[in-house]
Amino acid sequence: QFDMKMAARVLWGSLSLLRLVWCLLPQTGYVHPDEFFQSPEVMAEDVLGIKAARPWEFHPSSPCRTVVFPLLTSGSAFWLLRLWEEWGPWPGPVSGYALLVGPRLLLTSLSFALDLAVYHVAPRWGAERWNALVLLSGSYVTLVFYTRTFSNAIEGLLFVWLLVLVSPRVTGSCTPKKPAPGPLWHSWLLGGVMAAGFFNRPTFLAFALVPLFLWGTYGATNPSLKSLTKEALVLLPGATLTAVGFVAVDSCYFSSPSRPINGFLLFGVLHAHALQAAWQQLRACLQAFIQMGFPRALAARSLQSSPRSHLLLLYFMPLALLSVFSHQEARFLIPLLVPLVLLCSLQTQLAPRKGTLVLCNALGALFFGCLHQGGLVPGLGHLEQVVRAPALPRVPTHYTLLFTHTYMPPRHLLHLPGLGSPVEVVDMGGAEDQLLCQALSNLTRQPACHVAGGPWLCRLFVVTPGTTRSAMKKCSFPLKNETLIFPHLTLEDPPALSSLLSGAWRYHLSLHILELGEKPDNMTEKPLPKTQP
């Protein structure tokens with residue numbers, strides 16, 4: 001028994017080291033644009049003043065997301081990098097690598113709060129502590145998703161610490177009895193976590209429903225919405241204080257300098273309406289929860305004494321509620337990792353098959369961490385070096401970087417100056433071949449290439465997956481050079497099975513960076529189609 005525990009501790013330590021090292025390598029996989037465009041892309045422009053593509057959610061005219069967590073995560077990392085730029089032992093502009101790894105390293109450090117939480121709650125829920133920690137640290141969800149700047153990762157961290165706060169009361173005794181009032185700071189902290197989770201993502205209510213219900217109805221012989229509301233009132237001071245803090249920070253960030261008071265009031269009203277809608281939604285869910293008979297079931301001694309039943313509710317209730325929404329993505333379920341780990345680590349539960357578990361997590365980590373859109377981030381690093389080292393140093397150069405059939409390129413990784421940058425980034429999305437050729441014809445006739453004082457050197461780069469590389473042949477542009485970055489898999493344009501079985505499989509599983517010359521013919525210039533910035 002001692003040897004098994006020691007082996008589990010060594011394995012957890014090794015997997016934790018892997019989590020840290022893989023973050024620093026770094027991971028090349030590009031899971032979803034939200035990783036960049038809901039945090040680092042915005043903060044890089046605000047803190048470092050570099051060129052970025054600000055999404056509409058963070059425009060002062062249409063604020064839709066809180067800026068508190070981006071400021072605390074990516075903002076803090078970029079602030080440290082800014083200090084390094086100015087006061088470090090090697091002053092100078094930071095690299096794209098530092099811009100990529102800095103925020104990820106901070107999230108990776110925060111991900112160990114998951115391990116700490118599981119270490120504390122696992123025995124309370126009847127789970128074997130070190131088995132749970134090994135399952136957690138070996139999961140590809142932890143290795144990939146919890147080390148990225150996703151708001152879902154923040155949601156998962158808040159959810160697991162909500163479990164830490166409610167666990168002493170929910171799992172404290174098998175005999176139903178009215179619990180003694182806890183310390184004041186506990187209820188304030190619990191309310192603060194609830195408010196912070198909602199401001200981060202409104203879906204946090206789906207995850208918090210069961211923990212709060214178990215916490216509020218513990219010891220009640222006949223739970224009802226009225227009694228639950230009475231218990232929830234103790235959360236109000238902490239939730240209110242946290243909400244006021246979020247409203248103040250968001251209002252100061254989004255308000256116009258000329259009308260800060262009006263902006264503060266407007267944004268405060270918007271948050272108040274959002275909180276009211278959230279409370280109405282939570283109230284409706286609780287009413288349905290009670291009417292469906294769950295409280296009577298939970299009050300039964302057989303369920304009260306079974307952590308398994310509570311963990312099943314913690315896992316399946318958010319899953320059911322999130323399944324109602326039409327917009328669904330796998331990363332929305334990131335917070336459910338901890339209840340699943342506890343379920344699989346119960347002392348009365350058969351251990352999962354180790355071979356299958358290792359294989360599934362290894363495949364998930366390699367797919368999301370390396371393969372999926374895996375050439376785009378290294379490709380941006382390559383283009384950053386091209387832009388920083390011009391072919392003719394004394395000749396002004398204008399660069400056009402056109403991306404097609406890839407995810408949105410995060411501009412901040414190019415580390416371009418915010419004003420007067422000689423680099424234009426064009427995102428064509430999944431444009432058809434004809435539109436692509438038309439856009440290229442227009443871009444080769446840039447006015448910047450014919451300014452007074454002599455022609456500029458213009459360089460045009462096209463970034464495209466290997467599966468859509470053939471479209472470039474239709475445009476008849478001369479090819480100067482081509483760089484392949486392996487691996488790169490896009491599920492929007494997946495390679496055919498026959499191409500993977502042929503000798504050209506590496507060609508189709510690479511990202512192609514092509515430098516094109518000017519088309520020799522005299523095509524009439526047409527307006528450039530509108531593209532998403």
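Which residues does Ala132 touch, not counting residues up to four places away in sequence? I will start there and work outwards. This is a predicted model, and what follows is computed from it.

Ala132 touches Val118, Ala122, Val341 and Ser345, with residues up to four places away in sequence left out of the count. Ala132 sits in helix H6, residues 129-138. Its relative accessibility is 0%, so Ala132 counts as buried, the limit being under 20%. From Ala132 to Cys344 there are 212 residues in sequence, but the two C-alpha atoms are 7.6 Å apart in space.

That contrast fits the chain as a whole. Take the contacts between residues at least 6 apart in sequence: 79% of them join residues at least 24 apart. The chain has 533 residues, of which 49% are buried. Its secondary structure comes to 23 helices and five strands.

Now to helix H17, residues 337-344. Is this helix enclosed or open? Six of the eight residues of H17 are buried, so the helix is largely enclosed by the rest of the structure. The buried ones are Leu337, Val338, Pro339, Val341, Leu342 and Leu343. As for what covers them, the list includes H5, H6, helix H7 (140-144), H8 and helix H16 (307-322).

Two of the H17 residues come up again in the nonpolar cores. The largest core has 73 residues, and those with the most contacts inside it are Leu162, Leu190, Phe204, Val338 and Leu342. Helix H8, residues 151-170, is the element that gives the most to this core, with twelve residues. Apart from this core lies another one, of 40 residues, and Phe37, Leu100, Val386 and Leu511 are among them.

Back to Leu162, in the largest core. Leaving out residues up to four places away in sequence, Leu162 touches Leu190, Val193, Met194, Phe204, Ala208 and Pro211. Those names recur in the helix packing, which is the next topic.

Two packed helices are described by the angle between their axes and the distance between the axes. I have three pairs to show.

The pair of H8 and helix H9, residues 184-200, has axes that come within 10 Å and cross at roughly 160 degrees. That angle is over 145, so H8 and H9 are roughly antiparallel to each other. The crossing of H8 past H9 is left-handed. On the H8 side, the residues in contact are Ser151, Ile154, Glu155, Leu158, Leu162, Leu165 and Val166. On the H9 side, they are His186, Leu189, Leu190, Val193, Met194, Ala196, Gly197 and Asn200.

The next pair is H8 with helix H10, residues 204-217. Here the axes come within 9 Å and cross at roughly 5 degrees. An angle under 35 degrees makes H8 and H10 roughly parallel to each other. H8 contributes Glu155, Leu158, Phe159, Leu162, Leu163, Val166, Arg169 and Val170 to the contact, and H10 contributes Phe204, Phe207, Ala208, Pro211, Leu214 and Trp215. Leu162 is thus listed against H9 and against H10.

The third pair is helix H4, residues 68-87, with helix H5, residues 96-121. Their axes are 9 Å apart and the packing angle is about 130 degrees. That makes H4 oblique to H5, and their crossing is right-handed. From H4, the residues that meet H5 are Leu72, Thr73, Ser74, Ser76, Ala77, Phe78 and Leu81. Their partners in H5 are Ala98, Leu99, Gly102, Pro103, Leu106, Leu107 and Leu110.

Staying with H5, one more residue there is Ser111. Is Ser111 buried or exposed? Its relative accessible area is 0%, so Ser111 is buried. Aside from neighbours within four places in sequence, Ser111 is in contact with Arg19, Tyr146 and Leu157.

Last, the cysteines. How many disulfides are there? The count is one. The bond joins Cys437 to Cys475, with the sulfur atoms 2.0 Å apart. The angle about the S-S bond is -80 degrees, and the link is left-handed. Cys437 belongs to helix H20 (residues 433-443) and Cys475 to helix H21 (residues 471-475), so the pair ties together parts that are 38 residues apart in sequence. Both Cys437 and Cys475 are buried. Cys252, with a relative accessible area of 63%, is exposed.

Terms used. Residues are numbered from 1 along each chain as its sequence is written. This is a predicted model: local features need pLDDT of at least 70, side-chain atom pairs count only at pLDDT 80 or more; totals for chains, interfaces and linings use all residues. Side-chain values use heavy atoms; hydrogens and water are left out. A nonpolar core is a set of buried Ala, Val, Leu, Ile, Met, Phe, Trp, Tyr and Cys residues joined through side-chain atoms within 4.5 Å. Buried means under 20% relative accessible area, exposed over 50%, partly exposed in between (1.4 Å probe, protein chains only). Helices (H or I, at least four residues) and strands (E, at least two) are DSSP runs, numbered from the N terminus. Contact means heavy atoms within 4.5 Å. A disulfide is a pair of cysteine sulfur atoms within 2.5 Å. Axes are lines fitted to C-alpha atoms, for helices over the stretch in contact, and angles run from 0 to 180 degrees between N-to-C directions. Angles under 35 degrees count as roughly parallel, over 145 as roughly antiparallel, 65 to 115 as roughly perpendicular and the rest as oblique. A crossing is left-handed if the near helix is turned anticlockwise from the far one by less than a right angle, and right-handed if clockwise.
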